[in-house]
Amino acid sequence: MTVHVAQLAPLAVIIPFLGAALSLVLLRRTNLQRIVAIGSLVLSLVVESAVLAGTWELGPQAVHLGGWAAPWGIVMVVDQLSSLMLVVSTVVSLAVLVYATGQGVADGDAEGPISIFHPSFLILVAGVSNAFLAGDLFNLYVGFEILLTASYVLMTMGGTAQRIRTGVTYVVVSVISSVLFLITIAMIYAATGTINMADLAGKLEALPVGTQLQLHLMLLIAFGIKAAVFPLSFWLPDSYPTASAPVTAVFAGLLTKVGVYSVIRTETLLFPGERLDGLLMWVALLTMVVGILGALAQIDIKRMLSFVLISHIGYMVFGVAVGSQQALSATVYYVAHHIVIQTSLFLVAGLVERRGGSTNVDRLAGLARIAPVLALLYFVPALNLGGIPPFSGFLGKTGLLQAGVDRGDWLSYVLVAGSVLVSLLTLMALIRVWNRVFLRAPEDAEYPDPILLAPVPAGARFLRSSGSVDGQDGRFAGKGDVRLMSPSMLGATSALVAVGVALTVFAEPLFQLADNAAENLVRPDRYVGAVLDPGSSRPAVEGAP
């Protein structure tokens, strides 16, 4: 039974690729594209859920593609961490895709967003899944390149000058990171004769300490750019907010977490020990503090959330730096939490922009009166991200803080204190938006928008097209067409907010899964045995579907 479940893992990459290919064939049939795209993600989620259930309490399992034994062939490795990341990433991708389809309908396209969106989105999902399953560094690099190609198409979709400009910046930074990663892979292969991560786990130890340190730092810099850690995060606040709401949401939820996932594998499998823990702790602290200070200085909701995203990457790096089983367990849980909650908030920001005509807090006010459902959809994940008990943000941060206290050195205590302060400042930034955008009267806004001052009929908040509000045209103050929210956009956002609440309700089994994942992470010999030793107690799986 276990073997069959492990064999399903490559389908997490194959299904989105096949869906993307079929979507390209149906390029002029957008309605069919939508069915194919959503169906592909639903099928992927079913497969990944089966893989997660099958690996819940087991060690790592390997699938050797084409029957080629490691370290010569391509291998995909499944454990609790990778299978959890697969499920969570597909859940948020599915919610974002439904949201995007509703947005296309609300924008006047009877069938959905423009034709190239669906195949690009599915290719992005395939790249994310490939990165989570990669058992060798070059396959991980391929996953990153798939992400880069698809994300550039999605980011620049619409062709506005601002999107092209920020897209170029994003691509340049990503290419620099990828080139550095590729150079590092070449150097590792030259030094060890392999790029299989299980094989490297033993061979890197035989290298001179200076060579190990150089390779270690190069990998961390490459992954740090992709994870947006300080001081390598300068590109993110300008790049993400310019894209459309669903694209920004999936980028914020997933792309940086692929970088975090790679850092976790680097620190627990390739370079275990405490050589760079002090450096990672300082990076974590600076990422948290600089990110949240940037968030407090913003008046645009999407830019504020982008800085909050950077800040909370620091919590994950904190857990990796502490390195204990408890810290890694809390990190695994917190990564899953953050993917869901951050994506939810960016989707809500998209709804705010459509309902209020802007994401500038100086132009927004009174949304709790005219869109109470939207107010609730913001309030719940905001409290969650701010770490208010009993939400999952509080539970994850508590686990990280306890692990830091248990470590017991002065730097850990500094990081614990910084984490508490950053959590309070996060709540301050999010509640400030709540007070200004949702609670204050529309006439109190610095630049009140006429659409917010106009009374709204009971059913108008769910209109699917631009239409009018009390007979008024939807164009005000030169800001273009202000379109209202569609039921599918609200439904997708509500479902994702509910998933965030479920992380709290089902925290006990999820922490059990995270504990199992952490136990395997601190025992890299299990990963190595699954890949290189077919006769081990956790055997590798030959073949692929």
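Trainee: At what angle do helix α5 and helix α11 pack?
Mentor: First, a heads-up: this is a predicted model, in which local features need pLDDT of at least 70 and side-chain atom pairs count only at pLDDT 80 or more, while totals for chains, interfaces and linings use all residues. Residues are numbered from 1 along each chain as its sequence is written, and side-chain values use heavy atoms, with hydrogens and water left out. Helices (H or I, at least four residues) and strands (E, at least two) are DSSP runs numbered from the N terminus, and axes are lines fitted to C-alpha atoms, for helices over the stretch in contact, with angles running from 0 to 180 degrees between N-to-C directions. The axes of α5 (residues 117-133) and α11 (residues 245-270) are 10 Å apart, and the two helices pack at about 20 degrees.

Trainee: Are α5 and α11 roughly parallel or roughly antiparallel to each other?
Mentor: Check the angle against the cut-offs: under 35 degrees counts as roughly parallel, over 145 as roughly antiparallel, 65 to 115 as roughly perpendicular, and the rest as oblique. The angle is about 20 degrees. So α5 and α11 are roughly parallel.

Trainee: How do the residues of the contact of α5 with α11 divide?
Mentor: Contact means heavy atoms within 4.5 Å. α5 brings residues including Phe117, Phe121 and Leu124, while α11 brings Val247, Lys257 and Tyr261 among them. For the sorting, Ala, Val, Leu, Ile, Met, Phe, Trp, Tyr, Cys and Pro count as nonpolar, Asp, Glu, Lys and Arg as charged, and the others, Gly among them, as polar. That gives 13 nonpolar, no polar and 1 charged.

Trainee: Helix α3 meets α5 too, so how do the residues of that contact divide?
Mentor: α3 (residues 30-54) and α5 have axes that come within 10 Å and cross at roughly 15 degrees, so they're roughly parallel. Among the residues involved are Arg34 and Glu48 of α3, along with His118 and Ser129 of α5. The split is 6 nonpolar, 5 polar and 2 charged.

Trainee: How does α12 pass α18, in a left-handed or a right-handed crossing?
Mentor: The axes of α12 (residues 277-296) and α18 (residues 410-439) come within 9 Å and cross at roughly 20 degrees, which makes the two roughly parallel. A crossing is left-handed if the near helix is turned anticlockwise from the far one by less than a right angle, and right-handed if clockwise. For α12 and α18 the crossing is left-handed.

Trainee: What percentage of the residues in the protein is buried?
Mentor: The protein's secondary structure comes to 22 helices and 5 strands. Buried means under 20% relative accessible area, exposed means over 50%, and partly exposed is in between (1.4 Å probe, protein chains only). Of the 545 residues, the buried share is 61%.

Trainee: Which helix gives the largest share of the largest nonpolar core?
Mentor: A nonpolar core is a set of buried Ala, Val, Leu, Ile, Met, Phe, Trp, Tyr and Cys residues joined through side-chain atoms within 4.5 Å. The largest one has 174 residues, and Phe181, Tyr240 and Tyr378 have the most contacts inside it. The largest share of this core is 18 residues, and it comes from α14.

Trainee: Why does glutamine 342 count as buried?
Mentor: Glutamine 342 is found in α14 (residues 325-356). Beyond neighbours within four places in sequence, it is in contact with Ala252, Leu305, Val308, Leu309 and Leu385. Glutamine 342 counts as buried because its relative accessibility is 0%.

Trainee: Which residues does serine 344 touch, not counting those up to four places away in sequence?
Mentor: Serine 344 is found in α14 as well. It's buried, with a relative accessible area of 0%. The residues it touches are Pro381, Thr493, Leu496 and Val497.

Trainee: What value is the phi of alanine 228 near?
Mentor: Most residues other than glycine have a negative phi, and most peptide bonds are trans. Alanine 228 is in the loop between α9 and α10, and its phi is positive. The value is near 65 degrees.

Trainee: What is omega near for the peptide bond from phenylalanine 230 to proline 231?
Mentor: Proline 231 is found in the loop between α9 (209-227) and α10 (236-239). The bond leading to it from phenylalanine 230 is cis, with omega near 0 degrees.
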